[in-house]
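Here is a colleague's note for a student who is reading a structure of this kind closely. Please keep the sequence and the 3D view open while you go through the points.

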Amino acid sequence: MTTRAEICVTACAEAWRGDGAILASFAGTIPRLGARLAQLTFAPDLLVTDGEATLLRDDAVEGWLPYRQVFAMVAAGTRHVMMGASQLDRHGNSNISCIGDWERPKRQLLGVRGAPGNTIGHTTSYWVPRHSPRVFVEHVDMVSGIGGDRGAHEIRVVVTDLAVLDFATPDHTMRLRSTHPGVTVEQVAGATGFPLVIPGQVPQTRTPTVEELALIRDRLDPDGLRDR
């Protein structure tokens, strides 16, 4: 039986479909498995890193990518990163910096890190492991990564444990693209702190193929880290 985590891995992989020979970067286990899965199946030209300085292909070292070169790829737009977010609004503005007022926050988070350069320089997607109104908010407390209303290059998709969302609307506001098997449209809407654009027909997120399942379970993640 296919698990929710395996569906999320496949949905993350789909984010890089058609990108060609660009660098796939990611934050978290599920996006990492998704990028590797995409490279091994429908996106063979994708460059996948180990998260430090090594490019990987077929479980072997393909090349060396020093940190300074990553900045060159960001500036050239030849990178697609899947980041995490503590808050996201309907335009795709993200917050990974603080919760509460900036001058006196209730909670300090990571800081903006590379989010401004990522979102203005190249394609950005997001992975949210727990879809809730605390993450999907009307207004983020601080803009760390810019959204479509602030000139983002492209915010492509948001993959969560409930659904896949995108910004394929006339005003680039968040739209429900698909719900994962067993999840209803009402569940997603109820877990979102602003009105989503919901098409008349919302399909289910595709399940992994037999080949993809074998790669996930036997090769990419035999220890089952995805389920944690």
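The numbered points below go through a predicted model, beginning with its interior and ending with its cysteines.

1. The nonpolar interior is a good place to begin. The largest nonpolar core has 28 residues, and those with the most contacts inside it are Ile 30, Leu 37, Leu 46, Met 82, Trp 127 and Val 159. At least two residues of this core are supplied by each of helix H1 (4-15), strand S1 (23-26), helix H2 (29-40), strand S11 (154-160) and helix H6 (210-220), and the largest share, 7 residues, comes from H1. A second, separate core of 25 residues includes Ala 85, Val 128, Phe 136 and Leu 196. As background, nonpolar side chains tend to be buried together in soluble globular proteins.

2. Met 82 deserves a look of its own, since it belongs to the group with the most contacts inside the largest core. If its neighbours within four places in sequence are left aside, Met 82 is in contact with Cys 12, Ala 15, Trp 16, Ser 25, Phe 26, Ala 27, Pro 31, Ser 125, Tyr 126, Trp 127 and Val 159.

3. Which residues of strand S5 point one way, and which the other? Arg 79, Val 81 and Met 83 point one way from S5, while His 80 and Met 82 point the other way, and all are buried. The general background is that side chains in a regular strand alternate between the two faces of the sheet. Since 5 of the 5 residues of S5 (residues 79-83) are buried, the strand is largely enclosed by the rest of the structure.

4. The pairing of S5 can be followed strand by strand. S1 and S5 pair in the parallel sense over 4 bridges, and Leu 23 has Arg 79 in S5 as its bridge partner. S5 also pairs in the parallel sense with strand S10 (residues 123-128), over 4 bridges, and here Val 81 stands opposite Thr 124 in S10.

5. An antiparallel example is offered by S3 and S4, which pair in that sense over 4 bridges, with Val 61 in S4 as the bridge partner of Leu 56. The hairpin of S3 and S4 has 2 residues between the strands, and in this hairpin Asp 58 takes a positive phi near 55°. Asp 58 is found in the loop between strand S3 (54-57) and strand S4 (60-64).

6. Positive phi values are worth checking with care, given that most residues other than glycine have a negative phi. Asp 58 has a positive phi although it is not a glycine, and His 172, also not a glycine, has a positive phi of about 60°. His 172 lies in the loop between strand S12 (163-166) and strand S13 (175-179), and it counts as partly exposed because its relative accessibility is 45%.

7. Is Ser 97, a loop residue, buried or exposed? Ser 97 lies in the loop between strand S7 (94-95) and strand S8 (98-99), and with a relative accessibility of 3% it counts as buried. Leaving aside its neighbours within four places in sequence, Ser 97 is in contact with Arg 107, Gln 108, Leu 109, Leu 110, Gly 111, Val 112, Met 142 and Ser 144.

8. The aromatic rings come next. The structure holds 1 aromatic pair, in which the ring centres of Tyr 67 and Phe 71 are 5.0 Å apart and the planes stand at 75°, so the pair is edge-to-face. Both residues lie in helix H3 (residues 67-76), 4 residues apart, which is about one turn of the helix. Tyr 67 is exposed, with a relative accessible area of 63%, and Phe 71 is exposed as well, at 52%. Elsewhere, the charged end of Arg 17 sits over the ring of Phe 42, 3.7 Å from its centre.

9. How many disulfides does a search of the whole structure find? The search finds 0 disulfides. Cys 8 is in no disulfide, and the nearest cysteine sulfur, that of Cys 12, is 6.7 Å away; a disulfide is counted when the two sulfur atoms lie within 2.5 Å. Cys 8 is buried, with a relative accessible area of 2%, and Cys 98 also counts as buried, at 2% relative accessibility.

Methods. Residues numbered from 1 in each chain as written. Predicted model: local features only at pLDDT ≥ 70, side-chain atom pairs only at ≥ 80, totals over all residues. Heavy atoms only, no water. Phe/Tyr/Trp six-rings, centres within 6.5 Å; stacked < 30°, edge-to-face > 60°. Buried < 20%, exposed > 50% of the residue type's maximum accessible area, 1.4 Å probe, protein only. Lys NZ or Arg CZ within 6 Å of the ring centre and 35° of its normal. Core = buried A, V, L, I, M, F, W, Y, C linked by side-chain atoms within 4.5 Å. Contact = heavy atoms within 4.5 Å. Pairing = 2+ DSSP bridges.
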